[in-house]
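The following exercises ask you to reason from coordinates to a short description of local geometry. Work each task through before reading its solution.

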Amino acid sequence: MKADNEPTPHFGLRSFRAKFVLVVGGAVLFDLLLSGGLALWNVQKLSRDATSEVGEGLTTANQEYIRSYAQSTATSVDLLLDRVHGDVKALAGMLQAQIDDPTRQQQVGATLSHQAPASVKVFYDAQGDWAQNLPGTPSVISVWGYLLGADHTPLPSVQREIEDSTVIDLVAPALMASGSPKLQMYYIGPKERPIFRTVPYTDQAQTFDRLYPGHNKAEFWEFFFPGIYGSWQQWAKDPALRPVDDDITQTAPYTDAITGKLIVSFFHPLWTRHRTGIAGVAGADITLDQLAEVVERVKIAQTGFGFLTMSTGNVVAINPSGQAIIGLTSSSDAGTQGVTGLERSLRGSTQPAIASLPLDQNNDGVIQHIMLDNKGERVSYIVVLKRLKPTNLWSSGPIKAETMSVGIVVPEREIYASLFAAQQSISHATNRILLFQVGAIFVSLLIVFAAVLGISKRITAGLRALASAAQRLQSKDYSVRVSIPTRDEVGAVGTAFNRMAEQISFHTENLEQLVDERTRELGDANQEISALNEKLRDENIRLGAELAVARHIQMMVLPKPFELEAIPGLEIAAYMRPADEVGGDYYDVLQNGSRIKIGIGDVTGHGLESGVLMLMVQSVARALQETNEGNPHQFLDRLNRAIYKNIERTNTGKHLSLAFLDFEDERVTLSGQHEDVLVMRAGGEVERIDTLDLGLPVGLENDISQFIDTRDIAFGSGDVIVLHTDGVTEAEDEDKRLFGFERLCESVQKRHGRSAEEIKTGIIDDLMTHIGIQKIHDDITLVIIRHIG
């Protein structure tokens, strides 16, 4: 049968088991939710970071690809133009060599005229009023009506021009067959004799009549290319006037008179023998199809395309679909004279973003994002412009510098298709991981809940038994014991409970006896403590008295003010403050006749032992001074031997730094190793004298004679010498900053011209202000010596 006060096991909200399940289960649940939430957050962050990294990487790669594509396309166009330039320069070089050697030019012309008369003999055309050679020769030569005489034959100078240019039949066919495809190569005479010799042979003059009526009555260069010849004439006078450092001049695209195709001409002026004028022009034509072929080969993604534009925005080459996308319209610029050009400008585009596209050098290779209207839909495009090599360009008027650009246009959704696919894959993978993570958390919660219930039941069974036994123990049933079969912490608690019950039973029975014994023991201990306290108080009083006597004796042996005032020629002020009751610093002023010896030293540590050693030094120094020991070296050596033997006898392990100033007959001699000596001259300059090489610490070795040295110091009227111990320079403020030698120098200089007492008082005021409320950890000693003459 259960006792009335025995707890009834249940699983109510107030039971330990319920609390255990709530606390432990809640903690585990919180941990799972927190760790699971962090895991989910990390997965999402990882997904975002991966998406961002992949996006940046693919974006950079795609943009670099587009830039590289634009660069390679521009390089291809430059290469095509360079090859044409090379062929034109080769032809011009051969013709220029002829011009520079008139004898050879005449011999070559005469030989070719004799070997191929059809190349130099022209026939008059009455309808066109021009003369032209017959077919069957490598080149066609046209002579305009105003270059013919009354008999309709070329004027003598013109005929010589025809014969001299025959050499082109030897070179031009080979150049036509090699290098870049060219429509034709030709020679045009100077402004006075503009014959037109072209390879291969075509109906040249007939086509000109059809396309350019009236050309035969006008001067050739001004009719077809107004302004170009004048620019060349300026170049002949000053080559530096060339807009681009090259003799090649390129024309804007125009309609070829012979083929009717859009072409670009490349002219190379030929100079007179002395380079003072124009001797003719070598040239070549290429069709716009050749340039367009390079640009139209551009194929990026599905619908990306390229175009070639001039700096004015006039598009030279583009495929039809690309032209429609960027909204270009074509028109011919046909005037009353000159060649007919092509006008297809970006500035006239129906797409505002294209019309405002910057073509300056600052945008070379820059990725530009624009929006274009494509069949009613706003589509984002990427545009890259890459500039070609600059060239001399004629369109109308003077020659100008021109830099064409290759443009690459591609829809963003096509170039970034791989990016979108990668981001979508990352998103799907993230969602799968999130689902798995949530499932794992849910399963973990079920397992933890079941484990907590099982463990709580095992733990609470033993605790219920302990609670029941504790209630019986409370009812003074000291015979109660618990039986817990487990070997865990609950079992250990049961064992401890049983031992406790035994001890309570034992102590209850013997409590009165134990109390009496403890009371007697405490009384005895209290008497012993009282006796010890009385002895300690007496000892403290005795030690205090001894320290007071030692301090009094130490202060008694210091120089008295009347002694210092009696020294002739010197003004001396001193200050000493021990860190404890008895200090370890030493200073003294000894006078024996006219000889004045001033000593300063610092015993290692402070307290009674250091104070006693300081008194020893004072006594030995006084005795040596009284024996008329005037040699600073002997004085310090003998003092060291005496102090060393005393230290050996007392076994204190102390020693001290010690230096002396000997003043006699206006002369100061410094000896011994101590802190640096500060000298302020009458003019206010400050000198720092190092004593490290003037001795060795006293009491450290029996014989220090080999280390002792002296140094003479100039000490004129108005000069001040400052001696100090390290308690001055090593004093700390609240921030552990030292007073230092520099502050000491500044403090002395502030009192320049004042008495020794005023200088001493000022330095101590500055030092105490620096220390503030900090404890003084070392003895402070300061001696000021002023020469008053």
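**Exercise 1.** In this predicted model, determine which helix holds His770, and establish whether His770 is buried or exposed.

*Solution.* Begin with the secondary structure: His770 belongs to helix H20, which spans residues 756–771. Next take the relative accessible area, which is 13% for His770; since buried means under 20%, His770 counts as buried. Then list the surroundings: leaving aside residues up to four places away in sequence, His770 touches Ala731, Glu732, Asp733, Arg737, Leu738, Phe739 and Arg743. Finally, look at Phe739, whose backbone nitrogen lies 3.4 Å from a polar atom of the His770 side chain.

**Exercise 2.** Find how many aromatic pairs the whole structure contains, and classify the pair formed by Phe224 and Phe225.

*Solution.* The search of the whole structure gives 23 aromatic pairs. For Phe224 and Phe225 the ring centres are 6.4 Å apart and the planes meet at 45°, so the pair is tilted. As a last step, consider accessibility: both Phe224 and Phe225 are buried.

**Exercise 3.** Identify the buried residues of helix H7, and decide how they are arranged when seen down the axis of H7.

*Solution.* Within H7, residues 228–237, the buried residues are Ile228, Tyr229, Ser231, Trp232, Trp235 and Ala236. Viewed down the helix axis, these buried residues fall within an arc of 155°, and therefore they line one face of H7. The elements that cover them include helix H6 (220–224) and the strands S6 (249–251), S8 (262–271), S9 (278–287) and S16 (391–394).

Note on methods
Residues numbered from 1 in each chain as written. Predicted model: local features only at pLDDT ≥ 70, side-chain atom pairs only at ≥ 80, totals over all residues. Heavy atoms only, no water. Phe/Tyr/Trp six-rings, centres within 6.5 Å; stacked < 30°, edge-to-face > 60°. Buried < 20%, exposed > 50% of the residue type's maximum accessible area, 1.4 Å probe, protein only. Helix = DSSP H or I, 4+ residues; strand = E, 2+ residues; numbered from the N terminus. Polar contact = N/O pair within 3.5 Å; in protein donor to acceptor, adjacent residues only side chain to side chain. Contact = heavy atoms within 4.5 Å. Arc of directions from axis to C-beta.
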